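Q: Hi! Could you walk me through this model? I'd like to start with overall dimensions and then go into details.

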Amino acid sequence: MTRPVIISHEMDATWRYASGVAMERFANNLLERRIEAMQCGECKRRYLPPRPFCGNCRVPLTDWAPVASEGVLEAWTVVYLPIVDNRTGITRDGPYAMGLIRLDGADTTLNHYVAETDPACLKVGQRVKAVWREELRGAIDDILHFEVLE
Amino acid sequence: MTSASTPVAIAGWGQTGPLAEDLRSIPEMVLDAVQATLRNAAMGYEDIDAVVTASVDVFDGMTASNIAVTEVVGAVMKPETRIAADGLCAAIHAACQIRAGAYDTVLVVAHAKPSMSDFYELTKWALDPIFLQSLGIDFLTFAGLQAAAMAAEDKDAVERWAGLAACRLADASGDGKSPGSTEILQSALVTTPLREKMCAPLADGACACVLRRGDDSSPGRKEIRLSGLGHDLAANFIGDRELTESAGLERAAARAYADAGIKQPEDEIDVAEPSVAFAHEEELFVQSAGISDNTIISPHGGLFAGNVPIVAGLSRLTAAAEYLRRNNDLRAVAHGSWGPAGQGQAMVVLENAIP
């Protein structure tokens with residue numbers, strides 16, 4: 001079979017997502033280096049990132065609860081493939097570490113980068129702390145990454 | 001809740017691939033699979049009442065991805081439904097249409113061509129746009145996080161997964177030249193603790209089957225029926241879930257088993273065809289679906305012969321049907337999975353039946 005004509009196709013579009021009330025407050029809190037979760041009035045689970053509805057109890061969430069910017073590393077992986085940062089278009093080369101972090105006061109875990117990339121230095125249960133960007137802009141990458149405390 | 005009052009049989013099936021890169025267009029691939037299916041079922045397009053397709057727009061680089069295959073699946077001037085999830089979910093929806101009495105014969109088709117782009121890069125767009133997309137996380141990283149969570153308290157886990165991958169790769173190749181555990185443990189790290197050869201290789205392909213009412217079968221002629229259907233969707237944020245188990249699969253399996261009247265899955269299932277894209281997922285499947293050593297798992301290597309996203313679960317259904325057609329075993333299960341760290345789960349029970 002001869003090699004067929006391959007047609008390259010590139011999509012370029014911009015979307016403007018409404019943050020919603022929960023993410024708006026979350027983003028505004030980030031501007032003050034503060035993190036809040038939303039708590040379900042039925043099961044009392046504290047959700048982070050905040051969202052408007054408890055999927056388990058099927059009730060709207062209206063209560064806010066403060067959480068710390070420190071917590072526990074519940075899972076981690078060191079990724080060896082490059083990824084493109086969707087916001088900047090800049091490629092982040094591997095290795096980089098991604099974690100699931102349970103901030104003190106939250107019941108769910110938060111995805112974020114972990115500064116340490118040596119697998120031998122990472123373990124579940126480690127205490128980690130948010131490292132904030134100097135110039136805040138009200139987005140999740142106001143937290144640059146989490147650093148290991150111990 | 002489904003009703004088992006109208007039995008559903010699988011009349012025929014076919015596929016093209018898996019191939020690392022299929023140089024044909026998507027409609028050409030799908031046409032190949034559909035024609036093979038109709039031949040296998042001894043049917044023509046005129047025998048099909050309705051069509052259910054499975055495809056994902058972002059993977060195909062177009063919306064809506066089913067329009068590329070409208071003609072070749074025979075959907076012009078017919079009722080068509082498109083499922084943006086695994087093909088096994090499309091089969092479940094087709095079976096529900098038959099059970100509901102809406103149609104007698106439904107063609108189910110799934111396709112994907114990950115060689116067209118960077119598949120895992122595309123999976124980022126299936127995540128929360130405000131919080132997760134800006135981090136650049138993708139389904140591959142989620143698989144690594146899940147495997148890491150499972151391995152955290154289990155020091156032998158990674159070696160076991162290498163053994164499972166070696167076994168499935170050997171079953172898939174059939175030539176005895178596949179890598180052993182040692183080579184797998186020395187393959188490149190992708191996302192710790194997963195190494196390259198613990199990940200089922202991505203591939204292009206299409207798969208199809210015809211489902212039909214099973215209560216108008218020829219008496220005494222063996223047929224394969226879909227006797228149990230179950231699917232489930234867990235929370236999208238993986239931080240909401242316990243990653244070391246698959247509660248979604250437990251629920252999907254429980255629904256399928258109840259539907260099929262299975263009370264002890266550890267004793268009642270002869271063969272299982274799980275969708276295992278990463279070696280650790282086989283342990284999640286066995287644990288969550290209640291499968292025991294009495295069950296043969298992935299006799300031809302499952303997705304380690306080529307992992308075609310979206311097609312995977314439907315190809316597991318046709319592999320299970322093929323096994324039952326060639327053997328006298330009574331019962332098989334097919335499993336499908338989609339979304340970040342297996343957010344969506346589907347299970348179908350198949351049985352050899354003599355009307």
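Q: What radius of gyration does chain A have, and what would a compact globule of 150 residues have?
A: Chain A has 19 Å, but a compact globule of 150 residues would be near 15 Å. That radius is taken over C-alpha atoms, and the globule rule is 2.2 Å times the number of residues to the power 0.38. Bear in mind that this is a predicted model, where local features need pLDDT of at least 70, side-chain atom pairs count only at pLDDT 80 or more, and totals for chains, interfaces and linings use all residues. Residues are numbered from 1 along each chain as its sequence is written, chains are lettered from A and ligands numbered from 1 in the order in which they are written, and side-chain values use heavy atoms, with hydrogens and water left out.

Q: And what does chain A span along its principal axes?
A: About 65 × 40 × 35 Å for the C-alpha trace.

Q: How many helices and strands does chain A have?
A: Chain A has 1 helix and 12 strands; helices (H or I, at least four residues) and strands (E, at least two) are DSSP runs, numbered from the N terminus. Along the sequence, the helix precedes the strands: α-β-β-β-β-β-β-β-β-β-β-β-β.

Q: How much of chain A is buried?
A: 37% of its 150 residues. Buried is under 20% relative accessible area, exposed is over 50%, and partly exposed is in between (1.4 Å probe, protein chains only).

Q: Switching to chain B: what is its radius of gyration?
A: Chain B has 19 Å, which agrees with the value near 20 Å for a compact globule of 355 residues. Its C-alpha atoms fill a box of roughly 55 × 45 × 40 Å along the principal axes, and 60% of its residues are buried.

Q: What about secondary structure and contacts there?
A: Chain B comes to 11 helices and 12 strands. Taking contacts (heavy atoms within 4.5 Å) between residues at least 6 apart in sequence, 77% join residues at least 24 apart in chain B. For chain A that share is 52%.

Q: Which residues does α1(B) cover, and how far does it reach?
A: Helix α1(B) takes in residues 26–41, 16 in number, and reaches 22 Å from first C-alpha to last, close to the 22 Å expected at 1.5 Å a residue. That expected span is 1.5 Å times one less than the number of residues.

Q: Which of its residues are buried, and what covers them?
A: Among the buried ones are Ile26(B), Met29(B), Val30(B), Ala33(B), Val34(B) and Leu38(B). Their cover includes β1 (8–19), α2 (57–60), β4 (105–112) and β7 (204–213) of chain B.

Q: Any unusual backbone spots?
A: Most residues other than glycine have a negative phi, and most peptide bonds are trans. Just after α1(B), Ala42(B) takes a positive phi of about 55 degrees. Ser298(B) has phi near 45 degrees and sits in the loop between β10 (296–297) and α11 (312–326) of chain B.

Q: Is Ser298(B) buried or exposed?
A: Buried, at 3% relative accessible area. Lys44(A), with phi near 70 degrees, is partly exposed because its relative accessibility is 49%.

Q: Where are the cis peptide bonds you'd point me to?
A: One runs from Gly94(A) to Pro95(A), with omega near -5 degrees. Another joins Thr63(B) and Ala64(B), where omega is about 5 degrees; Ala64(B) is in the loop between α2 and β3 (80–83) of chain B.
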